[in-house]
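Colleague: Could you take me through this structure, please? I would like to begin with the aromatic rings and then turn to the ligand.

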Amino acid sequence: MIRKIAINTGGGDAPGLNAVIQAATMAAAKLGWEVYGIREGYSGVLDPANYSDGGLVRLTPESVRNISHLGGTILGTVNKGNPFKVTESLPGGMTVEKDRSEDVVAAFRQHELDALIAIGGDGSLTIANHFHQLGLRVVGVPKTIDNDLQSTVLTFGYNTAVSFATECIDRLHSTADAHRRVMVVEVMGRYAGWIALNAGIAGRADAILIPEIPYDIDKVANHLRERNRPYSIIVVAEGAKPAGGEVTVLAREAGRQERLGGVADRVAAQLQEMTGKESRAVILGHLLRGGSPVALDRILGLTFGASAVSALEKGLNGIMVALQPPRVEFVPLAEAVAKMKLVPLDGDGVTTARALDICLGD
Ligand code: F6P
C-alpha cells in the first residue's frame, strides 16, 4: 500500500530531469499518493537543518505542471552525495568516511515515505540499489547526457547534448574557414564516444576521436594533409586517448570520479606542429548539460516519470525503467508493404498522456 513517495535526482544534471519529476508527480497524484522531492540527492534527508524547507519539498501537480521544458533539476543535485560514504571533517583538517545509510532509511520511516523514485546515472543508481537491498522500495530512472548506460538504449539529455554540440560545430565551420584553421572541438561523454560520434557526423567533422578507438595522431595529421582542405574540424571526446596512451585528466578529487578534460588542447597543439596549420581548441564542456531539453528529451523524461509510477502501482520494486526498442533491421520490402498498416500510439505514450491528463476523454 503506497501513500507517500519520494523523488530525488543525483549526479550530474541532464536536460529532461524536470520532465521526469513532472510526470511522476502528476501520475502519483492521480493515484492519490503524496509526493516529496528530496533536496540535492539524499542531502535533504541527511542534513535537513541545512534547508529552510526541511530538505523535503512537497510536489503537487500545480507546482510541477510547467517544468518539463526547464534544464537542470528543481530539486538540486550533488556529485559527491553517497550516503554510504559521507566524508566528514575532523578538527585538525583530517577527514573520515562514514556510512550514513541508516540515517536515510530512518528518515524514510520517520516521514512515512513508502517508495523512492531515484533518478540518476550509474553512481546514483548503484546507491539506489543499495537502498533497495536495505529494504527501501525503489524504482530507478536512468539519466545521463553521455548515453553510456547499459539496459536502456537511450537516456534523456543525450539528444539535447548532441543537438547543441552539432549547432556549435556548425558555427565553427565559418570561422575555421575564414581563418583557414584547424578547429578541435572537445565534447563531454566520459569514457564513451556517443556524443562525439553523433555530433561529429551531424556537424560534418573531418575526423572524430572517440574513447572506443584510441587515435593515432600521425594518421589524423596525414588525413588532414591528404584532404588538403582550407580548414578542418576535428571532434574529440573528452575520454579519447592516443593508442598506447592515457586519457587527459583535469583533476582527481576524493570521493568522486576523475574529471576528464583538456584533450582538445593536446590534439590541437600536436596538429599545429605536424601540419603547420594554425589550430585552436574549443571545449564545449558543461554547455552540453545546460539549457532547455529538446522535444525528444522532454518526452522521454515524461515517459520515464509516468512509467516509474506505473511500475510502483504494479507492485514492482528494485527495478529501473528502460527504453528497449528494436534496432534497425532489414525487412523485405514486399513483406513490409504487404503488412503495412497505420499504427496508433503504443502503451507508453498512452501512459504518459494519462499521467499528464492531457487528452481529455475517459
Ligand atoms: O556524466 C555526465 C558528465 O557530464 C560527463 O560527460 C562529464 O565527464 C562529467 O559529467 C562532468 O562532471 P562534473 O560536472 O562533476 O564536472
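Modeller: The following answers deal with ring pairs, a surface patch and the ligand.
Modeller: This is a predicted model, in which local features need pLDDT of at least 70 and side-chain atom pairs count only at pLDDT 80 or more, while totals for chains, interfaces and linings use all residues. Residues are numbered from 1 along each chain as its sequence is written, and side-chain values use heavy atoms, with hydrogens and water left out.

Colleague: How many aromatic pairs are there?

Modeller: The count comes to 4 aromatic pairs. Rings of Phe, Tyr and Trp (its six-membered ring) pair if their centres lie within 6.5 Å; planes under 30 degrees apart are stacked, over 60 edge-to-face, and the rest tilted. Phe-156 and Phe-304 form an edge-to-face pair, with 6.3 Å centre to centre and 70 degrees between the planes.

Colleague: Where do Phe-156 and Phe-304 sit in the chain?

Modeller: Phe-156 is in the loop between β7 (138-142) and α6 (158-179), and Phe-304 is in helix α10 (residues 295-313), 148 residues apart. Helices (H or I, at least four residues) and strands (E, at least two) are DSSP runs, numbered from the N terminus.

Colleague: Is Phe-156 buried or exposed?

Modeller: Phe-156 is buried, at 0% relative accessibility. Buried means under 20% relative accessible area, exposed over 50%, and partly exposed in between (1.4 Å probe, protein chains only). Phe-304 is also buried, at 3%.

Colleague: What about Tyr-158 and Trp-194?

Modeller: Tyr-158 and Trp-194 form an edge-to-face pair, 6.3 Å centre to centre with 85 degrees between the planes. Tyr-158 lies in helix α6 and Trp-194 in helix α7 (residues 194-202), so this pair ties together parts 36 residues apart in sequence. Tyr-158 is buried at 6%, whereas Trp-194 is partly exposed at 40%.

Colleague: Which residues do ring pairs link into a cluster?

Modeller: The cluster consists of Tyr-42, Phe-84 and Phe-131.

Colleague: Now the ligand, please. Which residues surround it?

Modeller: Among the residues around the ligand are Asn-79, Thr-144, Asp-146, Glu-238, His-286 and Arg-289; a residue counts as near if one of its heavy atoms lies within 4 Å.

Colleague: Which polar side-chain atoms lie 2.6 Å from an oxygen atom of the ligand?

Modeller: One belongs to Asp-146 and another to Glu-238. For His-286, an N or O atom in the side chain is 2.7 Å from a ligand oxygen atom.

Colleague: How much of the ligand does the protein bury?

Modeller: Taken alone, the ligand exposes 400 Å², and the protein buries 82% of that. Accessible areas come from the Shrake-Rupley method with a 1.4 Å probe; for residues, only the protein chains shown count as cover.

Notes: Polar contact = N/O pair within 3.5 Å; in protein donor to acceptor, adjacent residues only side chain to side chain.
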